[in-house]
Amino acid sequence: MDSLVLKLVLTPALIGGASLAGRRWGPGVSGWLVGLPLTSAPIAVFLALEQGGGFAATAALGTMAGTISQAAFGVAYAWLALRRGLPAAIAGGILAFAVSTAALQRAPSFPAALFAAAILALVASLRLMPADRSPGASGSAPLPAWDIPARMAVATAFVLLLTGVAGMLGPRLTGLLAPFPLYAAILAVFAHRLEGPAAAARVLRGLLLGLFGFAGFFLVFAALIESAGIVLAVAAATAVTLALQAGSFWALRQGLSSRNG
């Protein structure tokens with residue numbers, strides 16, 4: 001199974017599962033789920049198998065650095081959603097991601113420095129997100145029957161487009177573009193349309209919390225893939241991710257409790 005088939009299989013499943021989780025536990029949890037490297041991690045493995053450990057390590061560092069671009073997307077979308085509406089929010093979020101990606105192409109590839117920058121960007125972005133003073137998701141918004149299938153179809157179409165051009169970009173740019181917050185953007189847009197901008201902001205706040213584990217995965221993977229091989233690199237990176245995700249999930253639950261309390 002190549003990376004294209006993998007994306008075609010995982011994309012609908014991930015969006016469908018995150019959407020169902022959002023209906024059950026709220027948009028913040030669905031955003032946290034799509035912050036996990038559920039597609040980008042397998043893609044990193046396929047790059048190692050097909051292109052070699054050096055290519056995969058370089059791409060993984062780019063993906064880790066792309067955490068900063070995802071944070072920029074989240075903050076820009078959340079503020080523009082509250083002040084300008086949906087079209088401006090999605091356009092501004094994409095522009096923020098693109099500007100950040102362009103800047104990161106010229107950044108030195110020092111793993112520890114990139115990881116520290118990613119963590120600082122996430123912490124700063126969580127502080128910059130607009131305050132959530134709205135009540136929790138009540139489930140009162142009407143949810144049409146086509147809602148989740150449409151999310152899955154839109155996500156798969158975008159993945160096909162991005163996968164088609166990724167091979168021409170090289171490891172650095174491929175890595176930087178790989179973490180484009182496709183799933184989070186789709187979940188945020190649908191939450192925005194159905195429940196308003198505050199729900200979209202909760203999706204993106206959940207995404208930011210989920211990205212701590214995302215950054216940790218690619219730091220460890222990039223450090224170990226050439227020396228330890230795929231199995232040990234993935235095992236160690238997954239262990240680090242789960243540890244970081246446990247902490248971020250606790251923070252998410254604390255936020256949900258304080259908002260609903």
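**Exercise 1.** Which exposed residues does the face of H6 turned away from its buried side carry?

*Solution.* The model is predicted, with local features needing pLDDT of at least 70, side-chain atom pairs counting only at pLDDT 80 or more, and totals for chains, interfaces and linings using all residues. Residues are numbered from 1 along each chain as its sequence is written, and side-chain values use heavy atoms, without hydrogens and water.

Step 1. Locate the helix: H6 spans residues 111-128 (helices are DSSP runs of H or I, at least four residues, numbered from the N terminus).

Step 2. List its buried residues: Leu 114, Ala 118, Ala 121, Leu 122 and Ser 125. Buried means under 20% relative accessible area, exposed over 50%, partly exposed in between, with a 1.4 Å probe and protein chains only.

Step 3. These buried residues lie on the same side of H6, because they cover an arc of only 100° around the axis (taken from the directions from the helix axis to the C-beta atoms).

Step 4. On the face turned away from that side are the exposed residues Ala 112, Leu 120 and Arg 127.

**Exercise 2.** Describe how H4 packs with H10.

*Solution.* Step 1. H4 (residues 53-83) meets H10 (residues 197-228) at about 165°, and their axes are 9 Å apart. Axes are lines fitted to C-alpha atoms over the stretch in contact, and angles run from 0 to 180 degrees between N-to-C directions.

Step 2. H4 is therefore roughly antiparallel to H10 (an angle over 145 degrees).

**Exercise 3.** Is Phe 190 buried or exposed?

*Solution.* Step 1. Phe 190 sits in helix H9 (residues 182-195).

Step 2. Its relative accessibility is 15%, so Phe 190 counts as buried.

Definitions and conventions. Helices (H or I, at least four residues) and strands (E, at least two) are DSSP runs, numbered from the N terminus. Angles under 35 degrees count as roughly parallel, over 145 as roughly antiparallel, 65 to 115 as roughly perpendicular and the rest as oblique.
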